[in-house]
Amino acid sequence: MLWTEADTAARIAVPDAFADKHRRGVLGAIVGSERYPGAAVLGVEAAHRTGLGMVRLIAPRRVEDLVLARRPEVVTGDGRVEAWLVGSGQDARLRSPSLAATLHAALGSGAPIVLDAGALDLAAQAAGAAVVTPHHGELVRMLAHVGIETHADAVRGAPAEWAGRAAESFDAVVLLKGAESVVAAPDGSVIRLPPATHWLATAGSGDVLAGILGALVATHAGEVHADAARLAELAASAAVVHSLAAARASGGGPLVALDVAEAVPATIAALLAA
Ligand SMILES: NC(=O)C1=CN([C@@H]2O[C@H](COP(=O)(O)OP(=O)(O)OC[C@H]3O[C@@H](n4cnc5c(N)ncnc54)[C@H](OP(=O)(O)O)[C@@H]3O)[C@@H](O)[C@H]2O)[C@@H](O)CC1
Ligand SMILES: Nc1ncnc2c1ncn2[C@@H]1O[C@H](COP(=O)(O)OP(=O)(O)O)[C@@H](O)[C@H]1O
């Protein structure tokens with residue numbers, strides 16, 4: 001199945017007269033680290049620009065300061081959240097005990113969770129519906145954890161097959177990123193995505209994708225609770241928004257990841273108008 005722009009437009013939660021910042025969806029973001037603070041800036045920016053009620057950031061002080069300098073809308077510290085975005089800008093090998101405890105609490109909350117980069121190894125521990133966003137190298141490492149040996153070239157050659165193996169092994173939706181991204185669900189279904197501009201192959205563009213997906217999940221958390229299969233559709237929609245925003249940001253030339261996040265509102269407006 002190839003996911004279309006019309007499919008994507010139908011997964012954008014448009015606020016109405018009864019909307020408020022709590023009811024629209026609050027995303028808890030445990031992202032960034034001393035080593036990679038920029039990933040948090042990129043993910044939070046992308047989540048806000050995708051549209052949601054609020055982002056609650058749980059991160060080291062330096063990360064908080066950088067994110068707040070860019071997005072003063074962000075709220076820091078604990079509170080109610082509808083969905084989680086975790087792992088962007090983190091390295092599992094450098095995980096501190098306090099970060100492990102914070103991630104553990106998010107995983108155990110039962111809220112839908114997006115696991116990226118440095119939290120991919122925790123996918124099987126999610127109490128609620130989970131979606132992971134590995135690139136090819138990260139998928140190879142995830143599979144190695146469960147005793148499945150492969151390599152990046154093999155994944156590149158058969159992305160749907162390997163994403164499907166991971167979805168089944170981790171009981172999670174897998175959004176496998178790359179020149180040809182693909183979404184695989186634990187029920188064996190696969191969604192293919194139209195190719196994206198190759199200008200996207202630049203640092204931080206995956207962090208932006210994770211933020212877009214986090215916002216889509218936070219604004220559909222009730223639907224995901226009712227039917228975890230919705231998560232695969234949201235993952236495919238995030239990839240389409242990301243790809244269209246990249247095309248808009250690029251205009252045929254180079255882009256930086258923050259350009260992609262900044263192009264998201266106009267991209268969504270165009271999707272809704274079409
Ligand atoms: N501004 C910021 O704060 C930014 C922060 N970022 C954060 O950095 C963290 C680390 O993420 P990362 O992807 O850079 O490193 P990591 O997964 O350890 O890769 C290690 C090795 O894996 C391979 N490999 C990599 N990509 C591959 C691919 N597509 N397909 C196949 N293989 C691939 C490659 O090995 P090779 O193939 O060269 O042997 C590479 O040397 C993470 O938390 C992220 O969020 C980044 O988003 C950048 C902007
Ligand atoms: N050659 C390519 N053509 C199109 N899109 C690409 C290409 N390479 C990577 N991408 C996209 O760019 C993003 C890169 O994400 P990722 O590898 O996590 O980088 P980072 O960790 O720097 O954010 C993904 O959305 C992926 O689909």
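When I speak of a helix this morning, I mean a DSSP run of H or I that covers at least four residues, and the helices are numbered from the N terminus. In that sense L258 belongs to helix α11, which covers residues 257–262. Please keep in mind throughout that what we have in front of us is a predicted model.

Let me stay with L258 for a moment. It counts as partly exposed, because 19 C-beta neighbours fall inside 10 Å, where 20 would be needed to call a residue buried. If we set aside the neighbours within four places in sequence, L258 is in contact with L42 and E45. Its C-alpha atom is also separated by 9.8 Å from that of D207, although L258 and D207 are 51 residues apart along the chain.

Now to the overall frame. In an unreviewed entry, UniProt places the feature "domain: YjeF C-terminal" at residues 4–271. That span is 46% helix and 12% strand, and the C-alpha atoms at its two ends lie 11 Å apart.

As for the strands, nine of them form an open sheet, with mixed pairing, and the order runs β3-β2-β1-β4-β5-β6-β7-β8-β9. The edges are taken by β3, residues 75–76, and by β9; each of these has a single partner strand, so one side of each is left without a neighbour in the sheet. Within the sheet, strand β5, residues 113–115, pairs with β6 in the parallel sense over three bridges, and L115 stands opposite V132 in β6.

I would next like to turn to helix α7, which runs over residues 159–170. This helix has 12 residues and reaches 16 Å from its first C-alpha to its last, close to the 16 Å expected at 1.5 Å a residue. Which residues of α7 are buried? They are P159, W162, A163, G164, R165, A166, A167 and F170. In thinking about such a list it may help to recall that an α-helix has 3.6 residues a turn, so residues three or four places apart point the same way. The buried residues of α7 pack against strands β6, β7, β8 and β9, and also against helices α5 and α6. Just after the helix, D171 takes a positive phi of about 50°.

That brings me to the annotated sites, and here I will be careful to say what comes from the record. The UniProt annotation "binding site", again from an unreviewed entry, covers K177, G178, A179, E180, S181 and G206. These residues span 30 residues in sequence, yet no two of their C-alpha atoms are more than 13.5 Å apart, so they gather at one spot.

Two members of that group deserve a closer look. K177 is found in the loop between β7 and β8, and it is buried, with 25 other C-beta atoms within 10 Å. Not counting residues up to four places away in sequence, K177 touches T133, P134, H135, G206 and L209. G206, for its part, is found in helix α8 and is buried as well, with 24 other C-beta atoms within 10 Å. On the same basis of counting, G206 touches T133, H135 and K177.

UniProt also places the feature "binding site", in an unreviewed entry, at A39, G89, H135 and D207. Is H135 buried or partly exposed? With 17 C-beta neighbours inside 10 Å, H135 counts as partly exposed. It lies in the loop between β6 and α5, and, leaving aside its neighbours within four places in sequence, it is in contact with K177, G178 and G206. A39, by contrast, sits in helix α2 and is buried, with 28 other C-beta atoms within 10 Å. Its contacts, not counting residues up to four places away in sequence, are V31, G32, S88, G89, G204 and D207.

Finally, the ligand. Ligand 1 is surrounded by 18 residues, and the closest are G38, A117, H135, H136 and G137. The elements that give two or more residues to this shell are α2, covering 37–50, α5, covering 136–145, and α8, covering 205–218. The largest share, three residues, comes from α5. By character, the shell around ligand 1 divides into five nonpolar, 10 polar and three charged residues.

To close, let me come back to H135, which is one of the residues closest to ligand 1, carries a "binding site" annotation in UniProt, and is in contact with K177 and G206, among others.

Terms used:
Residues are numbered from 1 along each chain as its sequence is written. Chains are lettered from A and ligands numbered from 1 in the order in which they are written. This is a predicted model: local features need pLDDT of at least 70, side-chain atom pairs count only at pLDDT 80 or more; totals for chains, interfaces and linings use all residues. UniProt positions are given in the numbering used here, feature names are shortened, and annotations may be inferred rather than shown by experiment. A residue is near a molecule or strand if its C-beta atom, placed from the backbone, lies within 6 Å of it. Ala, Val, Leu, Ile, Met, Phe, Trp, Tyr, Cys and Pro count as nonpolar, Asp, Glu, Lys and Arg as charged, and the others, Gly among them, as polar. A residue is buried if 20 or more other C-beta atoms lie within 10 Å of its own, exposed if 12 or fewer, and partly exposed in between; C-beta atoms are placed from the backbone. Two residues are in contact if their C-beta atoms, placed from the backbone, lie within 7 Å. The expected span of a helix is 1.5 Å times one less than its number of residues. Two strands pair if DSSP finds at least two bridges between them.
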